[in-house]
Amino acid sequence: MNVFSLYDIRERVTESESERQLKKAEEITSLVQSEIYQFFTKPLDLDNQEEASLEDSGKLSSTLERIFSDLADNPYTSSIYYTPAKKDPCEAGTSIFFYNQADKTLETTDEYSTLVCDGVGLIRSATRIQINNFDLRWRSMVEFDAHRSMNIGLINLTENRVIGYFTFILNQDAIVNKLIAPLIYQYFGGSENEGTVVWLHDHRRDVVLASNNSSVDFSVDLVDNRVRFPRFFSDWILK
């Protein structure tokens, strides 16, 4: 065996290990996506009657009461809002609906986070585009404002119009500390695994949110792979 063959073997082993680590990171993003989405499957498939009860009065049927109660108990959601299609939360003084978890009711409020304006703006634009699609078959659409909010647009397919928008303000601390950080440790180990360091990096703010080895400072020069979260958490990257 000559020296060139030894180098070739070493490169192949290194490449194989890199691919294995990359697949681990991709699996983490898939698991996070599945965990986040599982809580929102029911509001994605409301029927016409349920939608009608929400449209103007914000009244919750018994079915919606159960759905909202479950969503409010979701550890990754900090607050829930509903904006009728005719309302614009970006206009000062506009009242929308806020879910009161204690009373299990929707209540009107004109005091809410600017994240509601941002989220409704995103989902409103996306829904308006799709409402003109003759092949539209879905009763709802989903848009994430990165890690800040998840937004659902409700569509009346029979009348081909938008009913309103749900905005779920996401709990970043819970998502990072209770979901992503434990998965990083589970898949890559801790500081004892000196050969592999993984960072959850917010690239817009240039902040490390979690790592399997806090003793190693983040540096772009140390990054071999980058894995994004598909269709959500667009500011966060596993590196």
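A residue is called buried when its relative accessible area is under 20%. In this predicted model, Asp 235 has a relative accessible area of 3% and is therefore buried. This residue makes a good starting point for a tour of the charged contacts.

Asp 235 lies in the loop between strand 9 (227–228) and strand 10 (236–238). Its side chain forms a salt bridge with that of Arg 148, with a distance of 3.3 Å from N to O. Arg 148 sits in the loop between strand 4 and strand 5, so the contact joins distant parts of the chain, 87 residues apart. With a relative accessibility of 28%, Arg 148 is partly exposed, whereas its partner Asp 235 is buried.

Asp 235 also meets the side chain of Arg 204 in a salt bridge, here at 2.7 Å from N to O. Arg 204 belongs to the loop between strand 7 (199–202) and strand 8 (207–211), and because Asp 235 is placed between strand 9 and strand 10, this pair ties together parts that are 31 residues apart in sequence. Arg 204 is exposed, at 63% relative accessibility. Taken together, Arg 148, Arg 204 and Asp 235 are linked with Asp 145 in a network of salt bridges.

The structure holds 4 salt bridges. One of them pairs Arg 205 with Asp 202, whose closest N and O atoms are 2.9 Å apart. Arg 205 is partly exposed, at a relative accessible area of 47%, while Asp 202 is buried, at 1% relative accessibility.

Attention can now turn to the sheet. An open sheet is built from 6 strands, which follow the order 3-2-1-6-5-4 with antiparallel pairing. Strand 3 (105–109) and strand 4 (140–145) stand at the edges; each has a single partner strand, so one side of each is left without a neighbour in the sheet. On average, neighbouring strands of this sheet are turned by 25 degrees against each other, with direction ignored.

Within the sheet, strand 5 (residues 149–156) pairs with strand 6 (residues 161–170) in the antiparallel sense, over 8 bridges. A look at this pairing shows Gly 153 standing opposite Tyr 165 in strand 6. The sheet and the salt-bridge network can also be viewed side by side: Asp 145, a member of the network, falls at the end of the range given for edge strand 4 (140–145), and Arg 148 is in the loop between strand 4 and strand 5.

Definitions and conventions
Residues numbered from 1 in each chain as written. Predicted model: local features only at pLDDT ≥ 70, side-chain atom pairs only at ≥ 80, totals over all residues. Heavy atoms only, no water. Pairing = 2+ DSSP bridges. Helix = DSSP H or I, 4+ residues; strand = E, 2+ residues; numbered from the N terminus. Axes fitted to C-alpha atoms, helices over the stretch in contact; angles between N-to-C directions. Buried < 20%, exposed > 50% of the residue type's maximum accessible area, 1.4 Å probe, protein only.
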